[in-house]
Amino acid sequence: MAPSPAIDIKVWGARGTFPMVGADALEYGGHTSCVEVRAGSGVIILDAGSGIIPLGKALLEEGVTEIDLFFSHVHYDHIIGLPYFLPAFWNKARLRIWAGHMQDGSTPDQLVDGIFRAPYFPITKDYMRADVEYRKFSPGDVLEPSSGVRLVTGSLNHPNGAVGYRVERKGAVFCYLTDFEHDGAAGDAEIRRLAKDADLALLDATYTPEEYPRYVKFGHSTWQHCGALCAEAGVKSWGMFHHMHMRGDLDQHAIEQAAQEVFPNSFAVRQGQHFLLPAKSGRGKK
Ligand SMILES: [Zn+2]
Ligand SMILES: [Zn+2]
């Protein structure tokens, strides 16, 4: 039997801005940002975009009770699924909700209050039946959501702020770096720090290089810049994430091929994609 992976990653939503349905979104998927990470005990969820809705159903069917949900930030595409996340309404689940990016000092508790708020939503967050705990951190903190898992955090260049995550376990490294705009300065240095020698990194590659000039300061990057940053950071394999809203499969496929001509270690992330990162004895346990 193969040894269990050090980090197991499943993508439940890879699109940015808003969900997309229809025959044009079958290959890359239509759900917005949500990635499930299993590393040791418990389940880590990165972002609560619409992809967290089917994930919640799967977790409930499996009977998972320990869940750590980390927001990159709280723009709609990263929170829209939370009110429909079934484990939050199950009284046997323990849900820890983490956030650390808020430049105005808002706490995770206040952020979730803002999601479950009249007249935008019919119930308050008090209807959640899980044991919900709110945990605030500062970008730059190193967290340990479960034993043996090191979660490095960092601040990303994005309107209202966002947090990037680096998950380390048994020498394997996975990075989740979405909603950032390359800046040729401190923001890029932070991406390189977080992604250093990662086995797998998912990065915000919303725009093509041709589209980007129309969207400067919108807070998103291009595959060209992501590829350059990953090369500088020594990333082994990286995925284009946060696909442009309304971008159909054919166009996304053409972008993936163009990127792979320059960066053979790149790919466009598909909803449902599953990655297993093995342990590495040489790197030691960090
Ligand atoms: Zn987004
Ligand atoms: Zn955003």
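Hi everyone. Before I show you anything, one working definition: I'll call a residue buried if 20 or more other C-beta atoms lie within 10 Å of its own. With that in hand, helix α4 is a good place to start. Its buried residues are W223, H225, C226, G227, L229 and C230. And what lies over them? The cover for the buried residues of α4 includes α3 (186-195), β11, β12, α5 and β13 (266-268). Just past the end of α4, G234 has a positive phi of about 75°.

I should say right away that this is a predicted model, so please listen with that in mind.

Let me step back to the whole chain. The protein has five helices and 14 strands. Its radius of gyration is 18 Å, close to the 19 Å that the globule rule gives for 286 residues, so the protein is as compact as a globular protein of that length. If you want a box to picture, the C-alpha atoms fill one of roughly 50 × 45 × 40 Å along the principal axes. Of the 286 residues, 49% count as buried. Contacts also reach across the sequence: among those between residues at least 6 apart, 68% join residues at least 24 apart.

Now the sheet. Seven strands form an open sheet in the order β6-β5-β4-β3-β2-β1-β14, with mixed pairing. Which strands stand at the edges? Those are β6 and β14 (274-277); each has a single partner strand, so one side of each is left without a neighbour in the sheet. From one strand to the next, the twist averages 20°.

Two pairs show you what "mixed" looks like here. Strand β1, residues 7-13, and strand β2, residues 34-38, pair in the antiparallel sense over five bridges. Within that pair, G13 has C34 in β2 as its bridge partner. Strand β5, residues 94-99, runs parallel to strand β6, residues 131-136, and six bridges join them. There, A99 stands opposite K136 in β6.

Let's stay with β5 and β6 for a moment. Together with helix α2, residues 108-115, they make a right-handed β-α-β unit. Helix α2 lies across both strands, running at about 100° to β5. Further along, in the loop between α2 and β6, you come to P119. The peptide bond joining A118 and P119 is cis, with omega about 0°.

On to the core. The largest nonpolar core has 78 residues, and those with the most contacts inside it are F174, C175, L177, A195 and A201. Which strand gives the most to this core? That is β10, residues 172-177, with six residues. A195 is a nice one to click on: leaving aside residues up to four places away in sequence, A195 touches C175, L177, A201, L229, C230, A233 and V235. You'll recognise L229 and C230 from the buried residues of α4.

Last, a few loop residues. K170 sits in the loop between β9 (162-169) and β10. K170 has a positive phi of about 45°, although it is not a glycine. Is this lysine buried or exposed? With 20 other C-beta atoms within 10 Å, K170 is buried, and the cut-off I gave at the start was 20 or more.

H242 is another residue other than glycine with a positive phi, near 60°. You'll find H242 in the loop between β12 (237-241) and α5 (249-262). H242 counts as buried, with 29 C-beta neighbours inside 10 Å.

That histidine brings us to T206, in the loop between β11 (200-204) and α4 (223-233). What does T206 touch? Not counting residues up to four places away in sequence, T206 touches G16, H220, S221, H242 and M244. T206 has 28 other C-beta atoms within 10 Å, so this loop threonine is buried. One more distance for T206: T178 is 28 residues apart from it in sequence, and the two are 9.4 Å apart in space, C-alpha to C-alpha.

That's my tour. Thanks for listening!

Definitions and conventions
Residues numbered from 1 in each chain as written. Chains lettered and ligands numbered in written order. Predicted model: local features only at pLDDT ≥ 70, side-chain atom pairs only at ≥ 80, totals over all residues. Core = buried A, V, L, I, M, F, W, Y, C linked by C-beta atoms within 7 Å. Buried ≥ 20, exposed ≤ 12 C-beta atoms within 10 Å, placed from the backbone. Helix = DSSP H or I, 4+ residues; strand = E, 2+ residues; numbered from the N terminus. Contact = placed C-beta atoms within 7 Å. Pairing = 2+ DSSP bridges. Right-handed = clockwise from strand over helix to strand, strands pointing away. Axes fitted to C-alpha atoms, helices over the stretch in contact; angles between N-to-C directions. Rg over C-alpha atoms; globule rule 2.2 N^0.38 Å.
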